[in-house]
Amino acid sequence: MSKPDRALPWRLARAHLRRRRTQNTLTILGIAVGVMALIAALSLTNGFTRALVDATLRASPHLSVTAFRPTPLDAELEAALRADRRVLAFTPFLADKGLLTRPASPGRGAGVDFTTLFGVTPAARKVLQLPAEQQAALGSLKDGEVLLGAALARSVGAFTGDTVRLLNSTQRRTALRVRGVFSTGNYLIDSAYAFTNLKTLQALQGTQAITGYQLRLHDPAQAPAVGDDLTRTRAYSPLPWQSLYGTLLDQLALQKRVIAFVVLLIVVVAAFGIANVLTLAVFEKTQEIAILRAIGATRPLITRIFLLEGLALGLGGLLLGNLLGLGISAYFTVRPFTLPGDLYFITTLPVEVRLTDVLGVNAIGLATTLLAALIPARRAAAVEPARILR
């Protein structure tokens, strides 16, 4: 086929598009709104997920390696941790659970709550990412002092300087002075965790052993691999944060899929608006199609004409939708959406645009528009010139 023949489908498609500008504009806007909503929704969901994970990891190590049975400090393992470039910091720890109480005082009733207590060394300030003042308190805990999660402190009714009583899992009792409180923004952590120094908890349990080591890594995603490497030939069990918070991650992933599916329906409905526009065009241009068939136009050529029309409408909607979606995401990055601080663990809704999401949205949008255009295109190609022109 000559070059003019190759350009014929596009020339005819462009001529058709010019004649129905209002309908075409509305179709493009419908697709654009759907794509914009999908990109913005995914970006906000990504930001929410990242903020929740960041808040969770502030008071949680990226990786814990736990001894199969209580063990003294392991010099060989510590040397391996220092030599591993993936490890940013580590601390030995001793874990325990107990009942925390605050006796009643004039004007205040007694307070009580359960807690997970960690005995750590000053190196814990590098393993956990707390605000500077709270981090300093964690790294300088003296014997008999405790650092409480903010929600736990409110539940017990304990303030800095108060004395609380602890009944641990071995039925031993001790009194601890509240050094301060820490806040990660994650209620599940702030309502359950407390920290004391390693020596205090060892004295309470009557042991010199530790539970294991807590690690902070340069890349949290490497926690499973690092855990496997460190424990392959040692009597320790790895617990990466992905396993510890696996249910949370699964829930967040499901939330993203549900939101994406619901908003994607908008894109699909808008894309199939192309089918309506092109079906009407086929009905109006039936005689023109018959004449083209009569003078030698093949069915594939007729099909290409209407597929090009659908492709042009789809690409126009995708381009405009991408610009609007990225623009909204950029706006919320500069001026984050404010959330009530007493209802949510974050005060602003962060945004995170991922290239994979944008590419996925465009791929699905383009496939849907082409599928929607294929139906009327095949109908146009099936026109019989002899019957129409008779």
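This passage looks at one helix pair and at the salt bridges in a predicted model.

Take the helix pair to begin with. Helix 2 covers residues 21–58 and helix 15 covers residues 355–381; the two pack with their axes 10 Å apart, at an angle of about 155°. Angles over 145 degrees count as roughly antiparallel, so helix 2 runs roughly antiparallel to helix 15. The crossing of helix 2 past helix 15 is right-handed. On the helix 2 side, the contact is built from Ile31, Val35, Leu38, Ile39, Leu42 and Asn46, while helix 15 brings in Asp357, Val361 and Thr369. Sorted by class, the contact between helix 2 and helix 15 holds six nonpolar residues, two polar ones and one charged one.

Asp357 turns up again among the salt bridges. Aspartate 357 pairs with lysine 256, and their closest N and O atoms sit 3.2 Å apart. Since aspartate 357 belongs to helix 15 and lysine 256 to helix 11 (residues 246–271), this pair ties together parts that are 101 residues apart in sequence. As for its surroundings, aspartate 357 has a relative accessible area of 15% and is therefore buried, the cut-off for that label being under 20%. So Asp357 of helix 15 takes part in the contact with helix 2 and also forms a salt bridge with lysine 256 of helix 11.

The count of salt bridges in the model comes to eleven. Another of them joins two strands: arginine 177 bridges to glutamate 145, with 3.2 Å between the closest N and O atoms. Here arginine 177 comes from strand 6 (residues 173–182) and glutamate 145 from strand 4 (residues 145–149), so the link spans parts 32 residues apart in sequence. What about the accessibility of the two partners? Arginine 177 is partly exposed, at 40% relative accessibility, whereas glutamate 145, at 9%, is buried.

A further pair consists of aspartate 229 and arginine 232, whose salt bridge has its closest N and O atoms 3.2 Å apart. Aspartate 229 is partly exposed, with 31% relative accessibility, and arginine 232 is exposed, with 59%. Exposed here means over 50%, so the 59% of arginine 232 puts that residue in the exposed class. Aspartate 229 and arginine 232 also belong to a network of salt bridges, which links them with Asp84 and Arg86.

Methods: Residues numbered from 1 in each chain as written. Predicted model: local features only at pLDDT ≥ 70, side-chain atom pairs only at ≥ 80, totals over all residues. Heavy atoms only, no water. Axes fitted to C-alpha atoms, helices over the stretch in contact; angles between N-to-C directions. Helix = DSSP H or I, 4+ residues; strand = E, 2+ residues; numbered from the N terminus. Parallel < 35°, antiparallel > 145°, perpendicular 65-115°, else oblique. Left-handed = near helix turned anticlockwise from the far one by under 90°. Contact = heavy atoms within 4.5 Å. Nonpolar A, V, L, I, M, F, W, Y, C, P; charged D, E, K, R; others polar. Salt bridge = Lys/Arg side-chain N within 4 Å of Asp/Glu carboxyl O. Buried < 20%, exposed > 50% of the residue type's maximum accessible area, 1.4 Å probe, protein only.
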